[in-house]
Amino acid sequence: MKIFNLLHNEEIPDGVKSPLWIIMPDSAIVRSGNPFFVPDFDSKFSAFPALAVKISRLGKSVAPKFAYRYYHEVTVAVTIRATNLLQKLREAGMPWDKAAIFDKCCMIGDFKAIDDDWYPDSIRAVIGSESYTFIETDLKEQIDTVISAISQDNILKIGDIVIIPLTPDGTPLKPQMDIHAAINNETLLEIKVK
């Protein structure tokens with residue numbers, strides 16, 4: 001299983017128009033209900049709300065108009081970045097995977113099946129005292145575009161997960177914080193930070 005974590009537009013270098021992503025190992029996942037332990041290799045970490053889409057079909061070079069055939073489940077996610085380390089790596093012009101790809105850096109909620117009666121349009125995430133609300137009117141088009149772009153360079157496999165960031169703004173992460181996230185007012189992710 002691969003986890004394709006998209007970069008937000010603000011993280012993409014000037015002149016690059018297509019989506020960019022980093023690939024996380026499955027050890028990056030923290031499932032809903034399990035705690036997240038703040039690592040000790042940096043003094044500051046930030047949490048970023050996102051949408052997670054599970055791939056349900058093998059595919060390569062998928063056209064956007066057919067991308068909807070390749071996913072049937074979504075959930076909310078929260079990705080973690082080592083903020084100080086990320087800044088130092090960027091300033092040095094070095095790869096910054098170490099600040100964004102580490103064990104348990106991706107919190108993923110319970111997946112919910114998409115069908116004619118249920119489609120995500122309202123996403124809410126509460127990280128400590130910070131609250132985010134996203135009303136997604138063009139979500140299907142965003143997902144289809146991303147899946148098509150990723151499939152040009154990668155074979156999509158059943159069980160792969162695509163993480164789509166919802167905001168470039170992260171919330172500082174501290175022990176004893178609670179993280180809750182919901183789609184259409186249904187809570188799908190609950191994590192205690194320790």
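This briefing describes strand 1 and its surroundings, an open sheet of four strands, and one pocket. The structure is a predicted model. Strand 1 spans residues 3-6 and includes phenylalanine 4. The open sheet has the strand order 9-8-12-13, and the pocket is the second largest, with about 250 Å³ of space.

**Phenylalanine 4**

- Phenylalanine 4 has a relative accessible area of 0%; it therefore counts as buried, since the cut-off for that class is under 20%.
- Beyond its neighbours within four places in sequence, phenylalanine 4 is in contact with Trp21, Ile22 and Ile23, and also with Ile150, Asn154, Leu156, Asp160, Ile161, Val162 and Ile163.
- The C-alpha atom of phenylalanine 4 is separated by 15 Å from that of glycine 59, which lies 55 residues apart from it along the chain.

**Strand 1 and its partners**

- In a regular strand, side chains alternate between the two faces of the sheet.
- In strand 1, Ile3 and Asn5 lie on one side and Phe4 and Leu6 on the other; all are buried, and both faces of the strand are covered.
- Strand 2 (residues 21-24) runs antiparallel to strand 1 and is joined to it by 4 bridges.
- Within that pairing, tryptophan 21 of strand 2 is the bridge partner of leucine 6.
- Strand 10 (residues 161-165) pairs with strand 1 in the parallel sense, over 3 bridges.
- Here isoleucine 161 of strand 10 is the bridge partner of isoleucine 3.

**The open sheet of 4 strands**

- The pairing in the sheet with order 9-8-12-13 is antiparallel.
- Strand 9 (130-135) and strand 13 (186-192) stand at the edges; each has a single partner strand, so one side of each is left without a neighbour in the sheet.
- On average, neighbouring strands of this sheet are turned by 10° against each other, direction ignored.
- Strand 8 (residues 122-127) and strand 12 (residues 178-183) run antiparallel and are joined by 5 bridges.
- Valine 126 is placed opposite histidine 180 of strand 12.

**The second largest pocket**

- This pocket holds about 250 Å³ of space.
- It is lined by 18 residues, of which Glu11, Phe48, Arg81, Arg90 and Pro168 are the closest to its centre.
- Two or more lining residues come from each of strand 1, strand 4 (45-55), strand 5 (71-82), helix 1 (83-91) and strand 10.
- Helix 1 supplies the largest share of the lining, with 4 residues.
- By class, the lining comprises 8 nonpolar, 6 polar and 4 charged residues.

How values were computed. Residues are numbered from 1 along each chain as its sequence is written. This is a predicted model: local features need pLDDT of at least 70, side-chain atom pairs count only at pLDDT 80 or more; totals for chains, interfaces and linings use all residues. Side-chain values use heavy atoms; hydrogens and water are left out. Buried means under 20% relative accessible area, exposed over 50%, partly exposed in between (1.4 Å probe, protein chains only). Contact means heavy atoms within 4.5 Å. Two strands pair if DSSP finds at least two bridges between them. Axes are lines fitted to C-alpha atoms, for helices over the stretch in contact, and angles run from 0 to 180 degrees between N-to-C directions. On a 1 Å grid over the protein atoms alone, a cavity is a set of points where a 1.4 Å probe fits but cannot get out, and a pocket is an open set with protein on both sides within 12 Å along at least five of seven lines; lining residues have an atom within 4 Å of a point. Grid points are joined across faces, edges and corners, and a volume is the space filled by probe spheres set on the points. Ala, Val, Leu, Ile, Met, Phe, Trp, Tyr, Cys and Pro count as nonpolar, Asp, Glu, Lys and Arg as charged, and the others, Gly among them, as polar.
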